[in-house]
2 protein chains.
Amino acid sequence: MAVYTDVAAEDLAEFLKGYDIGELLSYKGIAEGVENSNFLLHTSNGAFILTLYEKRVAVDDLPYFLSLMAHLAERGVRCPQPARNRKGEVYSELAGRPAAVINFLEGMWPRRPNAVHCTGVGEALAKMHLAGRDFPMFRKNPLSVEGWRPLFDLAAPRADSVAPGLQDFITRELDHLEACWPKDLPLGVIHADLFPDNVFFLGDKLSGLIDFPFSCNDILAYDVAICLNAWCFETDHSFNVTKARALLNAYGRERQLSEAEQEALPLLARGSALRFLLTRLVDFLNVPPGALVKPKDPLEYVRKLRFHRNVASVRDYGLTQAGCVA
Amino acid sequence: MAVYTDVAAEDLAEFLKGYDIGELLSYKGIAEGVENSNFLLHTSNGAFILTLYEKRVAVDDLPYFLSLMAHLAERGVRCPQPARNRKGEVYSELAGRPAAVINFLEGMWPRRPNAVHCTGVGEALAKMHLAGRDFPMFRKNPLSVEGWRPLFDLAAPRADSVAPGLQDFITRELDHLEACWPKDLPLGVIHADLFPDNVFFLGDKLSGLIDFPFSCNDILAYDVAICLNAWCFETDHSFNVTKARALLNAYGRERQLSEAEQEALPLLARGSALRFLLTRLVDFLNVPPGALVKPKDPLEYVRKLRFHRNVASVRDYGLTQAGCVA
């Protein structure tokens, strides 16, 4: 949670004169997102989210994910749509930062996801992958396999202070994953961060996907692997095969995973676990004094990684054979 | 800003079944209020604020200020109204804390208040004082003159670490104010915390007063004195007599300040400055590690207090003689 930048009502009203989204009625800094400052706006036209981009998101990447949201929404994927200002821009500047306005999606993210939620996520992810096929822009994934070693270099010297042997554990994982990372799997637009807090539901019904700043072009099945990590482990770190089966089954109904994708899934899941282990480790070792956010436990992902390393085949995720769901 | 308590969507939906305010569509932790956890709710009936009371507010006091808001709203004062649950209660329990739901007021608080805003505040304050006349409940002000010395006792030993001589300065002020505090001024319901962030405007028009947890029964003119401190100093701590005149003028049009009240105003303003000096000083000396909130500068109120000490008469606030405004 974070509001790093306060915005004066007077400045916001001025900024919104550049948009055709009605008269500003109220705005509240909201405690969501750790990377940016977010505000919930009420205008005479409805509700909107204003985001001030604080860091990690290069201005150069804003057109990619703002255009992607517009592209997906036009193809029926429920996600916020960026408002264009009177100059046609999807972002401009406010309080010295890049700022964008998107429409507000009603819905709530499930704190205790169940198999029904996992079904919704699997279906929505596959539909997003299909809807992204004709998206014309390209953004390399900075947090895929090539990005992990530079990230680890930032944390390696102090990794053992978090857990004894962690440096060696990660080094060996990195060596293995760099050597074996699949090269010929179907590529496309991935969300890359589809955790429960980025998926809204109204009751059991998925109402939308949010938060696209990690979206990029990468292996589609890698996005599925991220969801296995994000949705299918219990708080005690045990793997819930019922949820995984629900997620994979629903995904497969919309977009069939190929045999090669299924075969690669344990390795992709292992890589995805390493990716979150590494970013959490770097964050954990670099908590600024007076930080607003308690860093997430990196060791959660050591446990998840170990689980995937022991997975013999996709059967352990609930799939019995290529294309079939147990 | 603060959200201290997260609430699971599942638990909130269950809690709201006790109310007749529509189906929950979304909720966001909002970065407002340092004492409580606040959430902005959208339901099929509209927008609401959910507050979880974290501290300082004794549960015993909740009926007072929740009933007061209902009382004032019924008499035309624009302020949030508490929703009653199906048992008729204005608060119940959520996440182990007392929790209340109030309707959401559109509007924005002015970051750079001008004389027009001060006019609005003066008028609204007087109307609130009038509307409170027949409010049947009573709550002593714990932060009036009798409450200051116990508060100072918490801070006195370390006061000089904030500014040399501060302990002595406050001791002498306390002695003086305790000896001279007026006893016969008109009493009534006061807001006691009517700072700019508790007053909403739509354009130049006041749209509502919020945040009543400090409301109590006390000297009415003390509330005016609080507003002089809260609204009429510039960020460089200089006193803006134009704003003060606007505020007092507007107040007087709704409720005439008596000669005795006018005469007491400099002393009341001095007391009010001491009250905020003391609570800020205690907060400043007791910032918890990892605090979400940067403590406010107590010395701002030393400067304000000194200003009021040098005020010869209400003339210095813009009033020329009893009942007349320059």
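Through which surface do the copies meet, as judged from the interface residues of chain A and chain B? Keep that in mind while you load both chains, and remember that this is a predicted model.

**Stop one: the two chains together**

Color chain A and chain B separately and look at where they touch. Of the interface residues of chain A, 100% are also interface residues in chain B, so the copies meet through the same surface. Now try superposing them: a rotation of 180 degrees with 0.0 Å of shift along its axis puts chain A on chain B, at an RMSD of 0.0 Å. The two copies are thus related as by a two-fold rotation axis. To find that axis on screen, select I30(A), whose C-alpha is the nearest to the axis in chain A, at 2.2 Å.

**Stop two: a sheet in chain B**

Switch to chain B and show it as a cartoon. Here you'll find an open sheet of five strands in the order 1-2-3-5-4, with antiparallel pairing. Select 24–29 and 92–94 of chain B: these are strand 1 and strand 4, and they stand at the edges. Each has a single partner strand, so one side of each is left without a neighbour in the sheet. Tilt the view and you can follow the twist, since neighbouring strands of this sheet are turned by 35 degrees against each other on average, direction ignored.

Next, add residues 36–43 of chain B, which make up strand 2. Strand 1 and strand 2 of chain B run antiparallel and pair over five bridges. For one pairing to zoom in on, pick S26(B) and its bridge partner in strand 2, H42(B).

**Stop three: two crossing helices in chain A**

Go back to chain A and select 145–162 (helix 4) and 259–285 (helix 8). Their axes come within 9 Å and cross at roughly 60 degrees. The crossing of helix 4 and helix 8 of chain A is left-handed. Turn on side chains to see who meets whom: the helix 4 residues include W148(A), F152(A) and R158(A), and those of helix 8 include L274(A), R275(A) and F284(A).

**Last stop: the cysteines**

How many disulfides does the structure hold over all chains? Zero. Select C118(A) and you'll see that the nearest cysteine sulfur, that of C232(A), is 4.6 Å away; a disulfide would need the sulfurs within 2.5 Å. C118(A) counts as buried, at 0% relative accessibility.

Finish in chain B with C79(B). The closest cysteine sulfur, in C227(B), is 15 Å from that of C79(B), too far for a bond. C79(B) also counts as buried, at 5% relative accessibility.

Notes
Residues numbered from 1 in each chain as written. Chains lettered and ligands numbered in written order. Predicted model: local features only at pLDDT ≥ 70, side-chain atom pairs only at ≥ 80, totals over all residues. Heavy atoms only, no water. Buried < 20%, exposed > 50% of the residue type's maximum accessible area, 1.4 Å probe, protein only. Least-squares fit on C-alpha atoms with pLDDT ≥ 70 in both. Contact = heavy atoms within 4.5 Å. Pairing = 2+ DSSP bridges. Axes fitted to C-alpha atoms, helices over the stretch in contact; angles between N-to-C directions. Left-handed = near helix turned anticlockwise from the far one by under 90°.
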